[in-house]
Amino acid sequence: AKAGMKNPVPLDKNARKKWIEDYKKRLGWQHHVESKYYLFMSNAPQDRTAYYAKLMDMMCKNYCKIFGYKEEIKQPFLVHMYANQQEFMRKDRKGPGVGGYYDGTKIVCFLAERAKLSTQVVLFHEGTHQFQGLIWPNMLALTRVPGGIWMVEGLATYFECAEPVKGKLVTGQINKLRFGTLKQAMATNRYTRIPQLIRMTQRGYTAFHYAHGWGLCYYLIHASKKHMKRFKAYFKEFKKEGVDPVAAFAEHFPVDEDKLDEDWKRYITSL
């Protein structure tokens, strides 16, 4: 199994069936839903669980397309879904500000369809990390080296605002929540500029910076075909063992960082 697929779900159909029943009994899950790419263990209603499993299948196709993943996905991605936030907080010992997480083996979330911590947003965000875990040699290490975190979180915030429209998932919209934060910070000149942003590690990367990661990904993907081409090439570097994100950025964006920053600011504030 690859780095991000450390989840214990067996590949063999019969072994998987037995494993699922044992797993449910041991951890007290009421039911499970198996979709094409996901296995949900859930205490939320069966129909809502199935809805999200189907939604994540659609998202998985988007991940494959944007991440350029061509291999067959044989092992399902594992998801734990609690009935509500109370159950999640009680059983997972998490605080009220946590909407869910990916721990290197599974996504853990809860059913919340109106709150700020919407299940859809959490699944799309954490699902990105789960997919990064599949295709990048060591995603966790990337968050600790300078320049890895904006890319890891930037892509997750890029995908989190996708919307289902007429049976298809539309990605690449403006993430309204993150956009407001970034635009205001830029308007008052209190934003984190590109030279700093692309050298950050997880340590100093706050909720404020999540908006920046989204904004930089959005800009590089949508501002021009030239940037998009460079971004795709830069992205490929992350599939290599021991990548140096800062050096790779300089190589694929051989432009003056301050100039790039000005252009980024102009682009975001004009949206």
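How many disulfides does the structure hold? The count is 0, and the cysteines named later in this tour can be checked against that answer as you reach them. Keep in mind throughout that this is a predicted model.

**The whole chain**

Begin with the whole chain in view, coloured by pLDDT if your viewer allows it. The mean pLDDT is 93, and 97% of the residues reach 70 or more. Next select residues 1–5, where pLDDT stays under 50 and for which the model has 16 contacts beyond four places in sequence.

Switch to a cartoon, in which 12 helices and 7 strands can be traced along the chain. The C-alpha atoms fill a box of roughly 60 × 40 × 35 Å along the principal axes. The radius of gyration is 19 Å, which agrees with the value near 18 Å that a compact globule of 271 residues would have. Buried residues make up 52% of the 271 residues, and of the contacts between residues at least 6 apart in sequence, 65% join residues at least 24 apart.

**Strand E2 and Phe40**

Now select strand E2, residues 38–42, and within that strand pick out Phe40. Is Phe40 buried or exposed? Its relative accessibility is 0%, so Phe40 counts as buried. Show the residues that Phe40 touches, leaving aside those up to four places away in sequence: His31, His32, Val33, Thr49, Tyr52, Ala53, Met56, Val79, Met81 and Leu123. Then add Lys106 to the selection and draw a C-alpha to C-alpha distance from Phe40, which comes to 9.8 Å although the two residues are 66 apart in sequence.

**Cys60**

Move on to Cys60, which is in no disulfide, the nearest cysteine sulfur being that of Cys64, 4.5 Å away. Cys60 is buried, with a relative accessible area of 0%.

**Helices H9 and H10, and Cys217**

Finally, select helix H9, residues 207–222, together with helix H10, residues 225–237, and turn the view until both axes can be followed; the two helices pack at an angle of about 115°, with their axes 6 Å apart. Which residues make the contact? From H9 they are Cys217, Tyr219, Leu220 and Ile221, and from H10 they are His227, Met228 and Phe231. These residues divide into 6 nonpolar, 1 polar and no charged.

Stay on Cys217, which is buried, with a relative accessible area of 0%. Cys217 is likewise in no disulfide, and its nearest cysteine sulfur, that of Cys161, lies 11 Å away.

Conventions
Residues are numbered from 1 along each chain as its sequence is written. This is a predicted model: local features need pLDDT of at least 70, side-chain atom pairs count only at pLDDT 80 or more; totals for chains, interfaces and linings use all residues. Side-chain values use heavy atoms; hydrogens and water are left out. Axes are lines fitted to C-alpha atoms, for helices over the stretch in contact, and angles run from 0 to 180 degrees between N-to-C directions. Helices (H or I, at least four residues) and strands (E, at least two) are DSSP runs, numbered from the N terminus. Contact means heavy atoms within 4.5 Å. Ala, Val, Leu, Ile, Met, Phe, Trp, Tyr, Cys and Pro count as nonpolar, Asp, Glu, Lys and Arg as charged, and the others, Gly among them, as polar. pLDDT is the predictor's confidence in each residue, from 0 to 100. A disulfide is a pair of cysteine sulfur atoms within 2.5 Å. Buried means under 20% relative accessible area, exposed over 50%, partly exposed in between (1.4 Å probe, protein chains only). The radius of gyration is taken over C-alpha atoms; the globule rule is 2.2 Å times the number of residues to the power 0.38.
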